[in-house]
Amino acid sequence: MKKHIYDRLVRSGRLRRRDMLKGMGATGALAAFSGVATGTSVRPAWAAAHGALRAEILGIPGVGAGSPTDADWQQVGELCLGPTKEIVAEGEFAGVELTFMGLNNQNLHNFLFRGFLKPWEAYTGATINWIDLAQADYNARLQQSIATGTVDFDIIEMGAPFEGDVLGRGMASEMPDWVKDVIDMDDYVDYLKAPVGTWDGKTYRVSIDGDTHTFAYRKDYYENEEFAEAWAASGGEGAWEQPKTWEQVNAHSKFLIGKTDPLTGLDAHGYLDPLKGWGGFGFYFLENRATPYAKHPDDPAWLFDPETMAPRVNNPGFVQAIQDVLDLIDAGAYPADQINADPGTTAFQQFLAGTGGMLNWWGDVGSSARTSDTSVVGDVVGFDINPGSEKVWNSQTGEWEMTPNVSPNNAYIGWGVYVMATVDGDAQKKKAAWSAAAHLGGKDLSLWASAYPSGFQPYRNSHFQYDEWEAAGYDRAFVEDYLSSNADSYNHPNAAVEPRIPGIFQYYSVAEDELAKGFAGQYGSAQEIADAIAAAWENITDQIGRENQIALYKASLGM
Amino acid sequence: MSTQGDLLHVVTSDAISPERRRLGKTLIWGSFGVMVAVFVVLGLSEAGRIGMEFATWRPALYAYLFWATCLCIAQVVLYGEQGKRSLFILPATLFVVAMVVFPLIFALGIAFSNWNLSSPDGRQFNGLDNVRQMWGDPFYWNALKNMVYYTLAILVEYAIAFGLALILASQIKARKFFRVAFLMPLMLSPVAVSWMVGKSMLEIRFGPISRLARWLGWDRPSFFGDPEIARAMIMMMDAWTFIPFMMIMLLAGLQAIPKEVQEAARVDGASGWRGFWEVTFPLMLPVSITAILIRIIFKLKLADVVINVTSGGPGGATDTVTSFIFREYRDRSNVGYGTLLAIVYLLLIVIAITVFMKLVDRWMNPRY
């Protein structure tokens with residue numbers, strides 16, 4: 001679980017120690033009677049023990065009993081060693097030394113891994129050296145390692161967007177079959193299943209996280225009778241209620257111009273588009289608007305043509321998304337200085353502080369709504385998946401189809417653990433590295449990581465069993481509201497999953513530069529902006545190598 | 001021992017034998033040959049022309065150190081005590097060569113290469129392609145244009161700094177306090193200034209400056225929405241940080257002016273303004289030029305405030321060359337092109353500063 005979510009739950013007072021203890025008892029009872037939900041009904045006795053294990057680890061240290069410490073991480077790691085012990089004999093990796101490269105964000109990530117793996121080291125006899133990186137240093141460190149061929153680590157924590165850079169160059173070790181059995185990959189939410197984590201049909205990734213953009217909106221705007229009456233009086237189409245399409249989002253945003261925010265008494269605003277770049281990450285937010293227009297259900301590709309790598313960013317779907325933003329700029333629908341607002345600003349300085357009625361973001365907005373001292377929207381925020389559209393562009397036929405379309409944007413895909421090919425020459429080291437990775441991506445351990453501060457979101461279907469959360473002491477209504485928007489995005493059949501090709505953030509970065517010029521009025525039309533992005537993307541593709549990119553793009557799409 | 005020559009500085013006068021000279025020259029040229037050979041082998045290995053493989057270029061470093069050591073020893077062998085004297089400066093020179101000249105040569109090699117870190121082909125020489133790309137790159141030219149605006153703003157900064165320096169040089173109350181207080185902004189990191197001023201005080205809803213602007217009648221204050229205003233705000237934040245730097249240099253200059261000169265002007269009936277314009281200001285010109293020159297060099301490196309506050313926007317209005325190169329490098333891993341832009345910028349700076357200094361020299365020391 002992201003730390004914000006945990007803090008929010010604890011601070012909101014919805015968790016009490018007593019509730020938690022009651023919950024633990026209930027979970028134990030639940031586990032004793034049923035293993036169906038966790039897919040363990042085949043072995044009832046084991047299922048009971050397994051269910052009890054899940055309940056036991058969820059009680060370490062106990063939801064609401066303070067932040068977990070290294071001792072807790074080690075205890076969880078110890079309790080979840082079962083699958084390792086089935087595969088690895090005690091002391092089997094004595095003398096093996098591995099190096100693990102990962103993040104140190106918020107003192108999570110690698111710090112947890114150390115604790116989880118300490119009992120694993122004690123049991124197997126292997127030792128692990130750690131390379132801790134700040135998020136800002138991660139990309140540069142990885143790219144330099146790749147470019148200079150100095151891979152000085154055996155295991156890496158890595159986001160799926162980098163798979164093209166690493167897997168595409170054959171730098172990772174293929175996952176052995178026994179690991180697939182240990183980590184139960186069938187339990188992954190749909191979008192994390194192949195082709196994500198695979199390359200040319202081979203599997204490389206142990207998922208430990210999921211990422212998606214979800215839609216957050218102000219419920220008080222839609223419960224406001226004055227707004228409803230004014231909307232009806234203005235001839236607004238449909239009822240004054242939460243928008244489900246981008247057409248509605250845009251119409252509501254224009255309608256709200258000149259209105260007063262019912263919560264803050266300041267100017268009301270509609271959807272908050274970040275109009276400034278954010279090191280490439282800002283492009284995800286145009287994608288949110290574009291995916292329903294441009295991600296056709298029959299076509300896995302949506303950013304590039306997989307046969308030619310011709311950008312689709314200048315097709316009518318993306319142009320429509322850009323045009324929608326330009327229309328809102330022209331209408332004066334955004335707060336002043338929006339041209340200087342990056343995604344961080346829209347989320348934390350605007351939406352949570354009571355400016356704006358809607359935005360798309362990762363899970364942090366939901367979790368910060370009540371925990372952040374500067375947030376005023378905690379009680380009036382609702383969540384849903386990315387809005388859809390009333391039409392979708394079909395790149396195959398080159399025509400608009402006037403059929404509704406929905407396509408959540410699973411931006412950044414999520415963190416995973418990968419083993420580098422450097423271990424392939426040493427069978428013992430390879431087994432040790434994969435055993436460590438499998439331990440971190442284990443089904444039970446990941447449940448604990450999704451329920452406590454870890455830096456990771458739930459990413460398995462078994463993580464969305466709300467009974468387990470409720471039994472552990474969480475407030476069911478909140479958990480269901482918040483997590484279901486994630487689960488529905490992950491498992492959507494037309495979810496947009498970004499291409500895992502080399503240099504994907506280069507494409508995003510240059511697009512941000514062109515969009516910034518376009519939003520500042522330096523291009524004549526949305527089409528011109530889109531064409532400029534497409535031209536820049538063509539240059540990047542040529543520079544990195546078109547044939548290679550085509551092959552890797554196809555591989556990333558599983559074609 | 002010789003009784004002739006520079007007896008004050010020479011302790012011993014060595015008689016260098018022909019054999020010793022040969023040994024010295026052999027040391028120099030032999031080690032130089034070894035170094036060249038190592039470079040050639042490494043180059044051929046890199047190009048795949050020979051079967052040998054090296055994991056790193058570290059042998060080249062060792063070869064350079066070997067040559068440098070032999071060169072130093074050879075100075076003594078060849079020139080005796082005169083050679084020992086050169087050892088006071090030679091190692092430092094060789095160190096500078098290693099740290100500046102070599103990297104510059106490598107940078108030139110990279111600048112004329114197509115090197116995107118995501119490309120599986122690695123670095124490839126591409127002639128003048130990067131120059132052609134630069135020539136047609138509107139982002140780079142826009143950033144250069146902005147640098148002209150930013151640099152011109154130094155004139156205003158100079159005027160303010162001079163005014164402050166004059167105030168602090170006069171007999172005012174709490175002079176020491178104000179000297180320290182005025183210096184404080186210089187002690188702040190530009191990154192801190194970006195967040196404290198750019199992101200907090202100028203925040204359009206809650207920032208105190210925004211509240212003040214609203215109180216003054218500006219309904220929807222926007223400090224970074226309009227290109228001209230945004231550029232002016234960046235200039236002001238940068239100026240706020242660095243005016244104290246110019247001020248302290250000018251203050252030092254003012255304090256160095258002999259009081260008698262100004263007193264003589266007053267005795268001759270010069271008014272306050274004429275005393276300043278015809279006595280103080282001309283005397284301050286050398287310090288002023290130095291302060292402006294150093295400030296220009298600082299200004300040309302402007303990036304942190306821009307990266308943090310506007311990312312170059314709106315629409316490139318506040319972009320600087322350094323912040324653009326930062327995006328090319330960090331966000332787009334475009335090492336070859338980014339390096340070329342940096343080299344070209346370096347050349348432009350060297351040329352501009354040289355011309356500036358020549359003009360100043362001609363202006364201050366007219367040759368009639």
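Which strand of chain A pairs with S12(A) in the antiparallel sense over two bridges? The tour below leads to the reply; please bear in mind throughout that the model on display is predicted.

**Stop 1: chain A as a whole**

Select chain A. This chain holds 23 helices and twelve strands. Its length is 559 residues, of which 57% count as buried. Among contacts in chain A with a separation of 6 or more, 76% join residues that lie 24 or more positions apart.

**Stop 2: strand S12 of chain A**

Next, select residues 415-419 of chain A, which form strand S12. Five of the five residues in this strand are buried. In general, side chains in a regular strand alternate between the two faces of the sheet. In S12(A), one side carries Trp415(A), Val417(A) and Val419(A), and the other carries Gly416(A) and Tyr418(A); both faces are covered.

**Stop 3: the partners of S12(A)**

Add residues 206-207 of chain A to the selection. Here is the reply to the opening question: strand S6 of chain A pairs with S12(A) in the antiparallel sense, over two bridges. Within this pairing, Val206(A) stands opposite Val417(A).

Then add residues 155-159 of chain A, which make up strand S3. S3(A) also pairs with S12(A) in the antiparallel sense, and five bridges link the two strands. Look for Ile155(A), which faces Val419(A) of S12(A).

**Stop 4: Ala437(A) and the largest nonpolar core**

Centre the view on Ala437(A). Which residues does Ala437(A) contact, leaving aside its neighbours within four places in sequence? They are Ile155(A), Val206(A), Val417(A) and Val419(A). The two residue pairs from the previous stop thus reappear here: Val206(A) with Val417(A), and Ile155(A) with Val419(A).

Ala437(A) belongs to the largest nonpolar core, a set of 159 residues. Together with Ile155(A) and Ala436(A), Ala437(A) touches the most other members of this core. The element that gives the most to the core is H22(A), with ten residues. Colour domain 1 (3-208 + 414-490) and domain 2 (214-410 + 500-557) of chain A separately: the core draws at least three residues from each of them.

Apart from this core lies another, of 46 residues. To find it, select Tyr140(B), Leu168(B), Ile234(B) and Val306(B), which are among its members.

**Stop 5: where chain A touches chain B**

Now show both chains. The contact takes 34 residues from chain A and 29 residues from chain B. On the side of chain A, helices H7 (135-148), H21 (504-519) and H22 (526-544) each supply at least two residues. H21(A) gives the most, with seven residues. By class, the side of chain A that touches chain B has twelve nonpolar, 15 polar and seven charged residues.

**Stop 6: the two domains of chain B**

Finally, hide chain A and colour chain B by domain: domain 1 covers 18-132 and domain 2 covers 139-364. Their C-alpha centres lie 40 Å apart. Thirteen residues of domain 1 of chain B and eight residues of domain 2 of chain B take part in the contact. On the domain 1 side, helix H4 (90-111), strand S1 (113-114) and helix H5 (129-135) of chain B give two or more residues each. The largest share, four residues, comes from H4(B). The side of domain 1 of chain B that touches domain 2 of chain B divides into seven nonpolar, five polar and one charged residues.

Methods. Residues numbered from 1 in each chain as written. Chains lettered and ligands numbered in written order. Predicted model: local features only at pLDDT ≥ 70, side-chain atom pairs only at ≥ 80, totals over all residues. Domains from an automatic or database assignment. Contact = placed C-beta atoms within 7 Å. Nonpolar A, V, L, I, M, F, W, Y, C, P; charged D, E, K, R; others polar. Buried ≥ 20, exposed ≤ 12 C-beta atoms within 10 Å, placed from the backbone. Pairing = 2+ DSSP bridges. Core = buried A, V, L, I, M, F, W, Y, C linked by C-beta atoms within 7 Å.
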